[in-house]
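Student: I would like to look at this structure with you and ask, for each term you use, how we know that it applies.

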Amino acid sequence: MESMAFLDALFDACKNKKIQAFQVQYSRAQTQSLEVFEQKITKQTHNNAQKVLLKIMHEGKIGVAFCENLCPNNIDYLIEKAKENSLLIDCDDIDFFYDGKGKYKKVTPYVPDLKTLQDLDKFEFLKSLEQKSYQSDKRINKVITTAFGQGEKEIVMRNSLGLNLADKQQFAYAYIYLSATDGKLVKTESKETAFQSKDDFDVNKMVEDAVTKVVKKLDAKDISNGCYPVLFEGKAFNNILMMLKGLVEAKNVQEHKSKFEEKLGKTVASDVLTVVDDPFLSGGFGTGAFDGEGCPSQYKEIIKDGVLQTYLYNLKTAHKAHALPSGNGDGNDVMVFNFYVKPGKKSKETLISEIKNGVIIDALNGIHAGYDIVSGDFSFGASGFEIVDGKIGQYLNQFTVSGNIYHLLENIVAVGNDLDFDYGQYGAPSVWVSSLNLSK
Amino acid sequence: MLDKNLVQDVLSAALETGGDFAEVFVENSNSLAIKCGAGKIQEIDEGIVYGVGIRIFKGLFQTYAYTNIIDRDNLLKTARCAASAIKNNNEKQLINVVNLTNVDLENLHRVLRFPEQVKKEDKIDLLKQVSAATYDINPLIYRVDIRYMDKKRQILVANSDGVWVEDTQCRTRLFANTIAQRGTRSESATHSLGGLKGFELYDALDIEKFAQENASKALIKLDSIDCPSGKMPVVIHNGFGGVIFHEACGHALEATAVAKGASVFNNMQGKKIASDIVSAVDDGTIPNAWGSANIDDEGNKTERKQLIKNGILNSYMIDKFGSRRMNRRANGTGRRQNYKFIPTSRMSNTFIEPGKSSFDEIIASTEQGLFAKTMSGGSVNTATGDFNFSVDEGYIIEKGKIKQPVRGAKLIGNCADILMKIDMVGNNLDLACGMCGSISGSIPVTVGQPTIRVSEITVGGQK
């Protein structure tokens with residue numbers, strides 16, 4: 001069945017079956033990608049997939065069912081299963097649908113530079129990316145992957161209270177992953193670009209960024225174990241931001257998993273830290289007018305000058321906390337838009353010179369396993385550079401960084417002015433943490 | 001799942017532009033997830049994943065397209081869309097007739113009670129019993145979350161070699177997360193059980209024992225001290241401890257890394273990569289194991305592969321496309337999360353084989369070090385060999401005895417180095433289930449090993 005006809009039929013079937021409250025969500029993604037290896041195309045994909053999700057509410061409990069194949073038989077399946085599931089949920093929390101009557105702001109999210117993209121020969125672009133990487137330095141050992149991708153995502157959300165929303169997002173990216181060797185050591189580096197403006201189509205710049213970085217890593221040494229002042233590069237600190245997101249999720253607070261319980265209005269971090277969720281950032285990768293439950297999105301400071309201002313709520317957790325929804329709902333979870341650390345005034349170089357002796361962390365590894373939200377303890381694999389006499393020194397072979405997220409937030413000395421979203425929705429400038437335990 | 005004539009036509013359309021191999025993958029998966037938090041049912045999510053992926057090879061080029069609009073016109077359109085990526089110099093439409101023949105498959109993984117044969121109320125009952133049993137262990141347990149998952153995955157693989165093969169893969173898993181709190185200190189622990197089985201998996205479950213094992217981990221962690229940092233001998237326990245081999249070696253033996261010459265174990269077959277006492281296997285045929293299946297997602301029968309024998313690298317894990325670049329036979333390891341992913345070489349049930357030492361001997365002969373009793377996962381860079389993984393439950397070893405529990409330990413190292421430093425292998429092989437993420441998505445895998453000792457490894461702790 002054609003997708004909108006399926007949605008209409010599903011909507012009508014719910015009404016005919018006297019379902020009081022329901023919500024239908026449709027999503028579709030269309031993507032294409034290309035990979036070049038050794039000057040030949042090795043992989044090309046063309047994809048198209050859709051999904052319909054039905055939520056049925058019964059006495060404040062929402063049951064969910066989804067399908068991908070939009071055949072008429074699945075209409076009864078969705079209704080039967082979503083209804084059955086709503087009857088089996090027995091938790092005390094009450095859930096809601098949103099009626100769509102709020103005010104939605106007009107937003108200008110990231111869109112790729114489609115005109116330049118149309119004229120771009122993607123195969124030639126990737127071939128040149130690979131070739132120039134090998135040419136630029138003889139220590140380049142292997143260009144492991146060069147890839148290009150492009151696509152669009154579409155969502156439609158409608159419910160029995162009158163909500164009726166639609167949105168479409170587009171994206172395009174190029175990616176290179178390579179390794180360098182001096183005959184003994186092998187080091188890798190990757191670089192991605194999102195084709196936001198003409199500058200992003202510059203092969204030479206992409207090659208230079210990736211090659212300069214990977215070659216620098218060949219001059220490497222092991223760190224001596226100890227406590228060091230650490231400067232996180234923005235890209236690495238984005239991982240810490242994702243951990244912070246978990247701490248401010250109302251659900252984790254209500255389930256007593258976050259220690260930020262009863263901390264609203266209190267100091268939870270160093271006064272140099274302000275964390276913002278901005279759905280309206282022009283050209284932002286997370287920019288959007290509404291959340292996953294259809295509520296209008298809102299600009300908010302989560303932490304301002306170290307003081308906790310709000311949690312991230314969906315309709316259910318906001319009701320439980322007697323708070324207003326924060327426009328961060330996403331079904332049972334929460335979502336953020338452009339979630340970032342507000343930049344400070346000093347440049348990265350100034351911070352490095354002020355730290356004098358310490359460590360720059362440019363990447364964290366094993367994030368999915370090395371962090372326990374309940375205790376706040378973390379221990380990750382990390383890499384980066386030493387700071388010697390206020391200057392960037394040698395690359396440091398993989399080491400571990402251990403600490404506790406709550407202490408880390410309190411021990412931030414300064415934040416830089418070099419906010420970096422790294423083509424995503426999380427952004428941070430360089431962040432200086434007074435002391436962390438590093439080990440090799 | 002699809003009509004054979006239609007699939008034949010789709011394969012023929014896929015080969016129109018000169019491809020030398022075409023494959024149709026059809027998946028129809030019914031899944032159910034139930035979450036029980038604080039003794040009450042919080043979320044139930046269920047649905048059907050249904051789609052078709054069409055793949056074409058020409059030499060060392062592959063093209064892929066997927067869709068979930070399943071009708072004749074759209075499937076032919078999708079096949080031709082994929083085929084359009086192949087430039088046919090003759091500009092003449094090639095005629096390819098594909099005759100599909102059923103592959104007889106012996107089902108090695110019998111399922112007694114499929115998910116749809118069990119009432120949801122019975123599944124909910126199980127969750128509530130496990131939850132209540134965990135709370136009952138100790139008043140310090142203050143939050144228990146239990147998740148239940150089942151999935152019946154029906155797949156069809158048909159290709160231009162004439163293969164038509166179908167399989168039904170039924171998996172279920174129970175996953176518990178428990179938090180213990182004393183004063184201002186709280187600690188959490190996880191525990192799970194899973195198999196390529198139906199609901200009969202839980203018939204043999206000792207609920208109290210499961211609850212006890214889960215709760216005691218969280219309770220012990222309440223008394224843990226900061227873990228010391230630095231290089232030291234580490235004893236890694238059996239079962240999920242096998243994640244060390246999965247990360248430190250397994251991924252680097254996958255054609256995904258090896259075929260492009262981007263693995264630390266490139267060109268090492270027949271050479272020594274581990275100490276003499278290390279032999280390791282990847283075996284997708286173990287009956288009803290979490291990472292098993294009758295066939296891989298390319299329609300090849302799964303196999304038992306001796307990866308390492310007495311320290312010597314014996315075999316890689318090779319998928320169909322990787323086999324072309326490597327000029328070797330594919331060995332039943334092409335796997336994918338679902339039809340939205342191109343399959344690539346992946347692990348199934350991967351473990352170090354048992355050795356001669358007893359657990360007690362290993363601990364007693366360790367003067368000073370760390371005992372990593374349970375692990376919680378890790379990652380690896382296959383090109384450099386750098387890996388990391390986290391210790392969930394760890395203890396100090398002093399003078400051959402297990403002492404205080406420690407928290408927050410991370411182990412890091414390099415593949416090439418660590419396998420050589422395994423100096424004791426126990427006789428107590430055990431397996432444990434987990435999920436593995438890579439370029440073809442998140443898939444169920446088993447890791448395992450007997451207790452082993454690594455003579456020196458970097459431990460990152462807070463002290």
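Tutor: Let us begin where the chains meet, keeping in mind that this is a predicted model: about 5600 Å² is buried between chain B and chain A, and carbon and sulfur atoms give 48% of that area.

Student: What makes this area between chain B and chain A count as buried?

Tutor: Buried area is what two parts lose in accessible area to a 1.4 Å probe on being put together, summed over both, and for chain B and chain A that comes to about 5600 Å². On the side of chain B, the residues B:Glu46, B:Ile48 and B:Lys260 supply 11% of the area buried against chain A, more than any other three residues.

Student: How many residues of each chain does the contact take?

Tutor: There are 74 from chain B and 67 from chain A, where contact means that heavy atoms lie within 4.5 Å.

Student: Why is the pair B:Lys340 and A:Glu68 called a salt bridge?

Tutor: The rule asks for a side-chain nitrogen of Lys or Arg within 4 Å of a carboxyl oxygen of Asp or Glu; the closest N and O atoms of B:Lys340 and A:Glu68 are 3.2 Å apart, so the pair meets it. Ten salt bridges are counted between chain B and chain A, and the interface also has 42 residue pairs in polar contact, with both residues at pLDDT 80 or more. Strand S2 (residues 40-58) of chain B brings eleven residues, the largest share of the side of chain B that touches chain A, and that side divides by class into 26 nonpolar, 28 polar and 20 charged residues.

Student: How do you know whether the radius of gyration of chain B agrees with that of a compact globule?

Tutor: A compact globule of 463 residues would have a radius of gyration near 23 Å, and chain B has 24 Å, which is why the two are said to agree. The C-alpha atoms of chain B fill a box of roughly 75 × 55 × 35 Å along the principal axes, and the chain has nine helices and 23 strands.

Student: Within chain A, what makes A:Asp362 and A:Lys213 a salt bridge?

Tutor: Their side chains meet at 3.1 Å, N to O, and the cut-off is 4 Å, so the name applies. Across the interface of domain 1 and domain 2 of chain A the rule finds one salt bridge, and 14 residues of domain 1 are in contact with 13 residues of domain 2.

Definitions and conventions:
Residues are numbered from 1 along each chain as its sequence is written. Chains are lettered from A and ligands numbered from 1 in the order in which they are written. This is a predicted model: local features need pLDDT of at least 70, side-chain atom pairs count only at pLDDT 80 or more; totals for chains, interfaces and linings use all residues. Side-chain values use heavy atoms; hydrogens and water are left out. Helices (H or I, at least four residues) and strands (E, at least two) are DSSP runs, numbered from the N terminus. The radius of gyration is taken over C-alpha atoms; the globule rule is 2.2 Å times the number of residues to the power 0.38. A polar contact is a pair of N or O atoms within 3.5 Å; within protein, one must be able to donate a hydrogen and the other to accept it, and residues adjacent in sequence count only if both atoms are side-chain atoms. Ala, Val, Leu, Ile, Met, Phe, Trp, Tyr, Cys and Pro count as nonpolar, Asp, Glu, Lys and Arg as charged, and the others, Gly among them, as polar.
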